[in-house]
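User: Please take a close look at the aromatic ring pairs of this model and describe how they are arranged.

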Amino acid sequence: MSSADFTSDCANCAALCCLAFAFDKGERFAHDKDAGEPCKHLTQHQCAIHDDLETRGYKGCVAYECLGAGQRVTAMFGQSWREVPKLTAPMIDAFRTMRDIQELRQLLRAAKALPLPNEKSSEREAWLAALDGTWTRESLKWFDANGTATAIRTWMRGLAEHLVR
């Protein structure tokens, strides 16, 4: 697994982060936006103020990283929510789930650096293997429904005793 597995590729994404999330006007965002509503600065799948986000009051956008979830979901659907509006909700759901998977993959990968006993190391590898590979719309729904993310996070909390202090 390379670091490219976790790099956003906005050119190959349908601007899912600019659609999926809500934000409130304040220090990190210059206007309010509801979840599922395209950002007012979105032109097709590009941010019209991308080069100026921080100075225009969008520090939250600058700080956000989808870890490569956006382009994976866009490729999975093969179409955009702009072209086929009925895909909006399914793409948002898939994006949120894929972002969660990418975060968990990254955390499990980082946990390899911990001095884990063989049993825990094998469990980490098994969790990682379960998350690696090709995801489909159906498998993302399964992931959401069966509580895998919660189980992995619970397991990871148990690694605290192996942290070097």
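Analyst: The aromatic pairs are described below, followed by a charged surface patch.

This is a predicted model, in which local features need pLDDT of at least 70, side-chain atom pairs count only at pLDDT 80 or more, and totals for chains, interfaces and linings use all residues. Residues are numbered from 1 along each chain as its sequence is written, and side-chain values use heavy atoms, with hydrogens and water left out.

A pair of aromatic rings is described by the distance of the centres and the angle of the planes. Rings of Phe, Tyr and Trp (its six-membered ring) pair if their centres lie within 6.5 Å; planes under 30 degrees apart count as stacked, over 60 as edge-to-face and the rest as tilted. By this rule there are four aromatic pairs. One of them joins Phe21 and Phe95, a tilted pair with 5.7 Å between the centres and 55° between the planes. Because Phe21 lies in the loop between α1 (17-20) and β1 (42-43) and Phe95 in helix α4 (residues 88-110), this pair ties together parts 74 residues apart in sequence. Helices (H or I, at least four residues) and strands (E, at least two) are DSSP runs, numbered from the N terminus.

Phe21 is partly exposed at 27% relative accessibility, whereas Phe95 is buried at 0%; buried means under 20% relative accessible area, exposed over 50%, and partly exposed in between (1.4 Å probe, protein chains only). Phe21 and Phe95 also belong to one aromatic cluster with Tyr64.

Asp34 likewise has its place in the loop between α1 and β1, and Asp34 is exposed, at 52% relative accessibility.
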